[in-house]
Amino acid sequence: MLTNRPHLFTSESVSEGHPDKVCDQVSDTVLDLFLKADPSARVACESLVTTNHLTIAGEVSTQKDVSVEQIEKSAREVIKNIGYNHEDVGFDAQTAEVKILLHSQSSDIAMGVTGDGLHKEEGAGDQGLMFGFAINETEDYMPMPIYFSHLILKELARKRHDKSMPFLRPDAKSQVTVRYDNGKAVGIDTIVVSTQHSPDIDHKKLSEAVIEEVVKKVIPLDFLKNCRYFINPTGQFIIGGPHGDCGLTGRKIIVDTYGGFARHGGGAFSGKDPSKVDRSAAYMMRYIAKNIVASGAAALCELQVAYAIGVAQPVSVLVNTFGTAKIAEEKIEKIVKEKLDLSPKGIRDKLNLRHLSYLPTASYGHFGRKEPNFTWEKLDIVELFK
């Protein structure tokens, strides 16, 4: 938990057009293709982008193949939908070189997942530790710095797509610094937005548009009193996207989760099917933490879980409410262990993870979302903790 003394905390988000996020979206698009063809497919897909180039690599195990042509077509489509469909930005959905290097999953890994290993049951796809977190300072039980960072970029993207701000281009970053006093958010100290733009917009006009038409539309004005703004603080941001910076899948894991407000196990999400507990268990921990906080049992809650490859049940589960619990943490922990199935299969079935579209998760965060596809955001086990 953050200190109770007056302090500042900062989180950042990046847009759908950020090079790393382009890769996350391509990887989850490939995952969606395989899961649609075969819901039991196991996929670990990574992507790399640079100037007018995309490489897709990784391991797949499936009963129904997806053609290279389908993969390439879908990858180009998602890049086009992001907004990279002009050759003058150095990365174009139609002309970019696409290289696909997918191969079969290692049989040594597969035997632990299929139940052919030592433990004769469906186990975790890898060892590792995962965290989930929730806090009651926003309506979606997310930390305020990352919550507002996402909202700014989602509104910026909306303005770009509906052409009400036609000078915007896909690559963008936001950063929000929140003032805290006695553990409570009391206002926003600083907002930084860097957005790619066309050459024909001057800095002053861009800054005014971002502040007035984006920031002030999504953040309560009471929080913006005495706020400092840094909009494109270098002066211009014309060269961006994969042409300006190489991108890789899984390089924005803090953006994907809680903006550094809570701990992270280190595993990325995008491109991984639900047998990979890096993804599925992190979703489950968020689900449990959110229901605990929504029940009123605690003001904030962090869960850690850890697995051994090929073993179904976790090797450890920890509930931490940072002293805010209204009932004993040991009791909450006991409920989690006894009432909820934390095996990979139990998580998958509870959250329906074999039958979702994962592409929507690959930009603007995996948590704090209201869309029905985000099954781990449901508040349907609140009564367990009341």
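User: Happy to start with lysine 276 and aspartate 273: are they buried or exposed?
Analyst: In this predicted model, both lysine 276 and aspartate 273 are buried. That word applies to a residue under 20% relative accessible area.

User: What makes lysine 276 and aspartate 273 a salt bridge?
Analyst: Their closest N and O atoms are 2.6 Å apart. The cut-off is within 4 Å, so the pair qualifies as a salt bridge.

User: How do you know that glutamate 155 forms a salt bridge with lysine 159?
Analyst: Here the closest N and O atoms lie 3.9 Å apart. That is still within 4 Å, so this pair counts too.

User: Nice! Where do glutamate 155 and lysine 159 sit in helix α4?
Analyst: Helix α4 covers residues 144–161, and the two are four residues apart in it, a separation of about one helical turn.

User: And why is glutamate 155 called buried?
Analyst: Its relative accessibility is 11%, which is under 20%, so the label buried fits. Lysine 159 has a relative accessible area of 11%, and is therefore buried by that cut-off.

User: What about lysine 378 and aspartate 380: why are they called partly exposed?
Analyst: Lysine 378 has a relative accessible area of 36%, and aspartate 380 comes to 43%. Partly exposed lies between under 20% and over 50%, so both values earn that name. Their side chains meet in a salt bridge at 3.5 Å, N to O.

User: Which residues are joined into one network by salt bridges that share partners?
Analyst: Those are Glu155, Arg158, Lys159 and Asp162.

User: And how many salt bridges does the rule give?
Analyst: The count comes to 27 salt bridges.

Terms used: Residues numbered from 1 in each chain as written. Predicted model: local features only at pLDDT ≥ 70, side-chain atom pairs only at ≥ 80, totals over all residues. Heavy atoms only, no water. Buried < 20%, exposed > 50% of the residue type's maximum accessible area, 1.4 Å probe, protein only.
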